[in-house]
Amino acid sequence: MQEENGVEKIKCLIIGSGPAGYTAAIYASRANLNPVVYTGLQMGGQLTTTTEVENFPGYPEGVTGPVLMEDMRRQAERFGTDIRFGIITKVDFSVRPFRLTVDEEKQVLADAVIIATGATARYLGLPSEEHFKGLGVSACATCDGFFYKGKDVAVVGGGDTACEEATYLAGLCRKVYLVVRKNYLRASKAMQERVFHTPNIEVLFEHNTKELYGTDMGLEGARLLYRMGTQEEKEVDIRIDGFFLAIGHTPNTAVFKEYIATDEQGYILTEGKSTKTNVAGVFAAGDVMDPVYRQGITSAGSGCRAAIDVEHYLAEL
Ligand code: NDP
């Protein structure tokens, strides 16, 4: 172990253990950068909360999210990645090497850092929504839409994601309700046009979800509240098998905000096609810098790019 003034010094420190973090680790370890991964609270990231993953290349029969992430972890370890359970609670990117605090106590130093902390899908916060997670409630139509082929589903949200997911689901499902809390869509005009021209999408403006119901086998429907004018409210019942949240994601960047430039939503800004942030030596990969694609495979791809960027950076140091 390399030390500087009694503090461990890491050549390439990767924060996060989703597809971006693990892929960066596979590439960095094969390039002899001796990477250390701090996994974060949810080891394996968002994919560990999904069931079947059918769109990750290399798994013709599909794979479950937890198994896919376990495979990636083992692949990174096979090349010597040091994977540690821990959360980075503080950083100082104003000094070289960078100084980071793990779990509010341990200090480590790093020559290069890859931020791959992901994003967290927003949920409405209803107890029934929590109850049906994985039993009809999902925050990713691209991941789970296929399981609702020929069925009726609802998408909540009025932004580009909601419209895109509703249109995607309309190609698979019998009927898609788009549940929008305001009386307009926030999505781009082009996206709105697609929604309005898709015959099996019904937009329910000014509707809020009150609760979801079903059995142990899965979701059966949703009770919505329709606001009529300013005062009056009417309860509306829709029978659905799937309920998709598309009300935005929160990138996990709070701890880096003092140093790392983000857009107004908190996504890390990167330079051109690279994974470079505004701080030389700090790179970002995966959902934490990608508000648009947000797929396991695109995250893995950017993790690979980040490791290659680190390799070039360290070679120049
Ligand atoms: P947005 O923040 O744009 O939209 C979130 C939507 O969810 C809004 O309609 C919002 O309603 C609604 N919402 C938020 N909280 C609640 C709640 N508690 N109950 C009900 N509805 C709620 O997020 P997106 O994920 O859609 O988009 C994020 C960014 O990514 C945007 O910049 C978007 O343009 C971009 N994007 C681009 C795509 C593309 O170009 N192909 C595809 C996907 C995303 P309200 O309007 O009332 O606030």
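The legends below walk through several close-up views of this predicted model.

**View 1. The ligand and the residues around it.**
Welcome to the ligand site, where 16 residues surround the ligand. Gly158, Asp160, Thr161, Arg181 and Arg186 come nearest. Sorted by class, this shell holds five nonpolar, six polar and five charged residues. Helix H5 supplies three residues, the largest share of the shell.

**View 2. Polar side-chain atoms beside the ligand.**
Here we look at individual atom pairs. In the side chain of Asp160, an N or O atom is 2.6 Å from an oxygen atom of the ligand. Thr161 also has a polar side-chain atom 2.6 Å from a ligand oxygen atom. For Lys182, the distance between an N or O atom of the side chain and an oxygen atom of the ligand is 3.0 Å. On its own, the ligand has 920 Å² of accessible area, and the protein covers 77% of it.

**View 3. Helix H5 beside helix H6.**
Now follow H5 (residues 160-170) to its meeting with H6 (residues 189-196). Their axes come within 9 Å and cross at roughly 35°, and the crossing is left-handed. On the H5 side, the residues that meet H6 are Asp160, Cys163, Glu164 and Thr167. Their partners in H6 are Met191, Arg194 and Val195. The residues of this contact comprise three nonpolar, one polar and three charged. Asp160 may look familiar: this residue of the H5 contact is also among those that come nearest the ligand.

**View 4. Helix H1 packed with helix H7.**
In this view, H1 packs with H7 (residues 296-316) at an angle of about 35°, and the two axes are 7 Å apart. The crossing is right-handed. H1 brings Pro19, Ala20, Thr23, Ala24, Tyr27 and Ala28 to the contact, while H7 brings Gly296, Ser299, Ala300, Gly303, Cys304 and Ala307. Eight of the contact residues are nonpolar and four are polar, with no charged residues.

**View 5. Asn32 in the loop after H1.**
Just a short stop here, in the loop between helix H1 (19-30) and strand S3 (36-38), where Asn32 lies. Although Asn32 is not a glycine, its phi is positive, at about 60°.

**View 6. A cis peptide bond at Pro97.**
Our last stop is the loop between strand S7 (88-92) and strand S8 (98-102), which contains Pro97. The peptide bond that runs from Arg96 to Pro97 is cis, and its omega is near -10°.

Terms used: Residues are numbered from 1 along each chain as its sequence is written. This is a predicted model: local features need pLDDT of at least 70, side-chain atom pairs count only at pLDDT 80 or more; totals for chains, interfaces and linings use all residues. Side-chain values use heavy atoms; hydrogens and water are left out. Axes are lines fitted to C-alpha atoms, for helices over the stretch in contact, and angles run from 0 to 180 degrees between N-to-C directions. Helices (H or I, at least four residues) and strands (E, at least two) are DSSP runs, numbered from the N terminus. A crossing is left-handed if the near helix is turned anticlockwise from the far one by less than a right angle, and right-handed if clockwise. Contact means heavy atoms within 4.5 Å. Ala, Val, Leu, Ile, Met, Phe, Trp, Tyr, Cys and Pro count as nonpolar, Asp, Glu, Lys and Arg as charged, and the others, Gly among them, as polar. A residue is near a molecule or strand if one of its heavy atoms lies within 4 Å of it. A polar contact is a pair of N or O atoms within 3.5 Å; within protein, one must be able to donate a hydrogen and the other to accept it, and residues adjacent in sequence count only if both atoms are side-chain atoms. Accessible areas come from the Shrake-Rupley method with a 1.4 Å probe; for residues, only the protein chains shown count as cover.
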